[in-house]
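Work through the exercises below with the model open beside you. Try each task before you read its solution.

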Amino acid sequence: MLFLSVIAALSLGAGCGGGAEGLQISEARVGAPTGPNAALYFTARGGPDALLSASTDVAGDAQIHETVIGEEGTMSMRQVPRLEVPAGGELVLEPGGFHVMLVGIDELQVGATIEITLVWETAGEVTVDAEVVEPSNTIHDMEDE
Amino acid sequence: MFRRSVVLVAVVAVVLAACRPGVATGDLQGVVLETPQAKGSFVLTDTAGDAYDFGERTEGKLALLYFGYTECPDICPVHLAQIAEVLDQNAELARNTEVVFVSVDPDRDTFAEIREFLDHFDAGFVGLTGTHEELAAAQEAVGVPPARVFGEGDGYTVDHAGWVLAYAPDGLGYSIYPFGTRQSEWSNDLQALASIEPGG
């Protein structure tokens, strides 16, 4: 936990300047925990860049995951080493696709905001505020017509 | 992103029941099965520690059946939250609906953890699990691929069927609900399915 705190402090110190100029992160949200883990979703633009890791004070670990559909229609979570933001494109983390799994997360209420540090290949450490939302609201984009 | 056809093929391959003419399924917005599927029968243990006979306990009701695990943070909570939201807004529908969540992670999920997980959505949701053998039999009985553990150590994940099975009160499954089902589709279909009465 000390390690995580140090990371958070460093990234706070770094602020929003420096290498993070090109990278824009929006719609950062975490589904309210219903078990020991929760998922962080967001959209990133301003690549090329790549997400390498993440950390937060409210969870023991943070892993980059992809949910994939198997041959029989099963859904599988797999840890992946990096997620690319293409130049001129966007990286979308959403339910059923990519997410950052927050392992061993604290009890969090809907409406709370948590601070998460994302480590990018080019932009370096970028700290974002993610809102805790109802699990059904993690997919709000899908309801947009 | 979601390939519905993959799921459809997997399910249709194990369809057991004969077609029952006269039931209108044209209003359904989920993935409608080519042939209605008879409700599979299995017995597992509920979160109170009692035997739960799925066929018997859901007789005459709309039954929604989903296999997952409590450490699943991505798709499992979304399915359950969507269903809870529909039932929250329709007390009569909720009374006639049995939502059954089966944990396919019996090595980690305790009854208390399954109960706590489901209470985040609806205290009325039924939570079940069993031995690996019992779970395999239950999944085979309802025609979903068996869940499989992936990885080693405490951090393993469980591959499992990504869709919700639905059985109308007449005991037949007309449609399934893959991940990606919209809230409006859930709302429409739960009401439509609940109106398919036994002997209708």
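**Exercise 1. Take stock of chain B.**
Count the helices and strands of chain B, and find what share of the chain is buried.

*Solution.* Chain B has seven helices and ten strands. Helices (H or I, at least four residues) and strands (E, at least two) are DSSP runs, numbered from the N terminus. The model is predicted: local features need pLDDT of at least 70, side-chain atom pairs count only at pLDDT 80 or more, and totals for chains, interfaces and linings use all residues. Residues are numbered from 1 along each chain as its sequence is written, while chains are lettered from A and ligands numbered from 1 in the order in which they are written. Next, burial. Of the 200 residues in chain B, 48% are buried. A residue is buried if 20 or more other C-beta atoms lie within 10 Å of its own, exposed if 12 or fewer, and partly exposed in between, with C-beta atoms placed from the backbone. Last, contacts. Take those in chain B between residues at least 6 apart in sequence: 70% of them join residues at least 24 apart. Two residues are in contact if their C-beta atoms, placed from the backbone, lie within 7 Å.

**Exercise 2. Trace the sheet of chain B.**
What is the strand order of the open sheet of eight strands in chain B, and which strands are at its edges?

*Solution.* Start with the order: β1-β10-β9-β4-β5-β6-β2-β3 (chain B), with mixed pairing. Two strands pair if DSSP finds at least two bridges between them. Now the edges. They are β1 (31–38) and β3 of chain B, each pairing on one side only. Then the twist. Neighbouring strands of this sheet are turned by 35° against each other on average, direction ignored.

**Exercise 3. Walk from β5(B) to β3(B).**
Decide for each step whether the strands run parallel or antiparallel.

*Solution.* Strands of a sheet pair through backbone hydrogen bonds, either parallel or antiparallel.

- Step one: β5 (residues 97–103) of chain B and β6(B) run parallel, joined by three bridges. B:Phe101 stands opposite B:Gly127 in β6(B).
- Step two: β6 (residues 126–129) of chain B and β2(B) run antiparallel, with two bridges. Here B:Asp46 faces B:Leu128 in β6(B).
- Step three: β2 (residues 43–46) and β3 (residues 51–53) of chain B run antiparallel, with three bridges. B:Thr45 stands opposite B:Ala51 in β3(B).
- Step four: look at the turn. β2(B) and β3(B) form a hairpin with four residues between them, and B:Gly49 in the turn has a positive phi of about 90°.

**Exercise 4. Describe a helix pair.**
At what angle do α3(B) and α7(B) pack, and how far apart are their axes?

*Solution.* Two packed helices are described by the angle between their axes and the distance between the axes. For α3(B) and α7 (residues 183–194) of chain B, the angle is about 55° and the axes are 9 Å apart. Axes are lines fitted to C-alpha atoms, for helices over the stretch in contact, and angles run from 0 to 180 degrees between N-to-C directions. α3(B) and α7(B) are therefore oblique to each other. Angles under 35 degrees count as roughly parallel, over 145 as roughly antiparallel, 65 to 115 as roughly perpendicular and the rest as oblique. Finally, find the residues. α3(B) brings B:Gln82, B:Ile83, B:Glu85 and B:Val86, and α7(B) brings B:Gln183, B:Trp186, B:Ser187 and B:Leu190. They divide into four nonpolar, three polar and one charged. Ala, Val, Leu, Ile, Met, Phe, Trp, Tyr, Cys and Pro count as nonpolar, Asp, Glu, Lys and Arg as charged, and the others, Gly among them, as polar.

**Exercise 5. Find where the chains meet.**
Which element gives the most to the side of chain B that touches chain A?

*Solution.* First, the totals: 30 residues of chain B are in contact with 28 residues of chain A. α1 (4–12), α3 (76–88) and β8 (157–161) of chain B each give two or more residues to that side. α3(B) gives the most, with five residues. The strands meet too. β5 (residues 74–79) of chain A and β8(B) run antiparallel, joined by two bridges. A:Met75 stands opposite B:His160 in β8(B).

**Exercise 6. Place A:Glu27.**
Is A:Glu27 buried, exposed or partly exposed?

*Solution.* A:Glu27 lies in β1 (residues 24–31) of chain A. A:Glu27 has 16 other C-beta atoms within 10 Å, so A:Glu27 is partly exposed. Leaving aside its neighbours within four places in sequence, A:Glu27 is in contact with A:Phe42 and A:Thr43.
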